[in-house]
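The reader is invited to look at the structure shown here and to follow it from its overall build to a few chosen pairs of side chains.

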Amino acid sequence: MSATRRCLCCVKYLMFVFNLVFWLGGCGLFGVGVWLSFKQTEFSSLPLSFPSLSAANLLLVAGGITMVTGFLGCLGALKEQRCLLFMFFVILLLLVLTEVTLVLIIHIYQDKLDSKAQDGLKEGMKNYNSESGLKKSWDNVQKMFKCCGVTNKTDWYDVLNGTLPSSCCSRDTGLCADGWSEPCYQKARQWLLDNIPSVLVFGVCIGVVQILALVFSMLMYCQIQCAEKHLD
């Protein structure tokens, strides 16, 4: 076996291992998204701007794309196909750039995004009396988090003619005179931040694996090209 071929085999198996880890990471992200979706089924009628619901959908999409990309990388490494490797490199590069862009946008426009999400939830509150699913979701959120309204309990005053829903009080009986003072958006957001640190660490690890997979895919592409030239 020539030195070029030995080098290609080494890079091939290294890339396969990295992509296997990458694929497993995608399965993990997808699994967390599914878990979060099932855990938040009681809130399913709320707008997707609700923090935990939007996080669940984001994890499902990210996990699904990561799984498909990882599988493509594994297949390209085993088959030693330059076309598959190039496709994998392009998709992964776009994925990394998208992730970096999203992180920057969320960091820079965090306040504006929060404000827009809260406005969307307040708009949805107007259908509290007309949509039974939405009513049940809001009642479940307020009971679970012991909160009232999106940003303040007064959010309900315009919707319910100066009154509060019974779910704003500890005792779910009749009208609620003085509900919980804490806002639901911040409570849900804090709950999400308290429960997701391990996912963020996991995400950073996946990011490192993505960078390494990019390097190895390009290296393997060049090695296959060199090996084909030697055969010619």
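The paragraphs below begin with the fold as a whole and then turn to salt bridges.

The model is a predicted one, and the description should be read with that in mind. Its secondary structure consists of seven helices, with zero strands. Followed from the N terminus, the elements therefore read α-α-α-α-α-α-α, where helices are DSSP runs of at least four residues.

The chain can next be considered in terms of burial and contact. The protein has 232 residues, of which 39% count as buried. When contacts between residues at least 6 apart in sequence are considered, 72% of them join residues at least 24 apart. The surface that the protein exposes amounts to about 13000 Å². Carbon and sulfur atoms supply 65% of that exposed area.

Attention now passes to charged side chains. How many salt bridges does the count come to? The count comes to four, and three of these pairs can be described, beginning with lysine 126 and glutamate 123. In this pair, the closest N and O atoms are 3.2 Å apart. Lysine 126 counts as exposed, because its relative accessibility of 55% is over the 50% cut-off. Its partner, glutamate 123, has a relative accessible area of 48% and is therefore partly exposed, since this value lies between 20% and 50%.

A further pair belongs to a single helix. Lysine 135 and aspartate 139 both lie in helix H5, which spans residues 132-145. They stand four residues apart, about one turn of the helix. Their side chains form a salt bridge in which the closest N and O atoms are 3.4 Å apart. Are these two partners buried, partly exposed or exposed? Lysine 135, at 33% relative accessibility, counts as partly exposed. Aspartate 139 has a relative accessible area of 11% and is buried, because that value is under 20%. This salt bridge thus joins a partly exposed lysine to a buried aspartate.

The remaining pair to be described is formed by glutamate 182 and lysine 187, whose closest N and O atoms are 3.5 Å apart. With a relative accessible area of 40%, glutamate 182 is partly exposed. Lysine 187 also counts as partly exposed, because its relative accessibility of 25% falls between the cut-offs of 20% and 50%.

Notes
Residues numbered from 1 in each chain as written. Predicted model: local features only at pLDDT ≥ 70, side-chain atom pairs only at ≥ 80, totals over all residues. Heavy atoms only, no water. Buried < 20%, exposed > 50% of the residue type's maximum accessible area, 1.4 Å probe, protein only. Helix = DSSP H or I, 4+ residues; strand = E, 2+ residues; numbered from the N terminus. Contact = heavy atoms within 4.5 Å. Areas by Shrake-Rupley, 256 points an atom, 1.4 Å probe, with all protein chains shown as cover.
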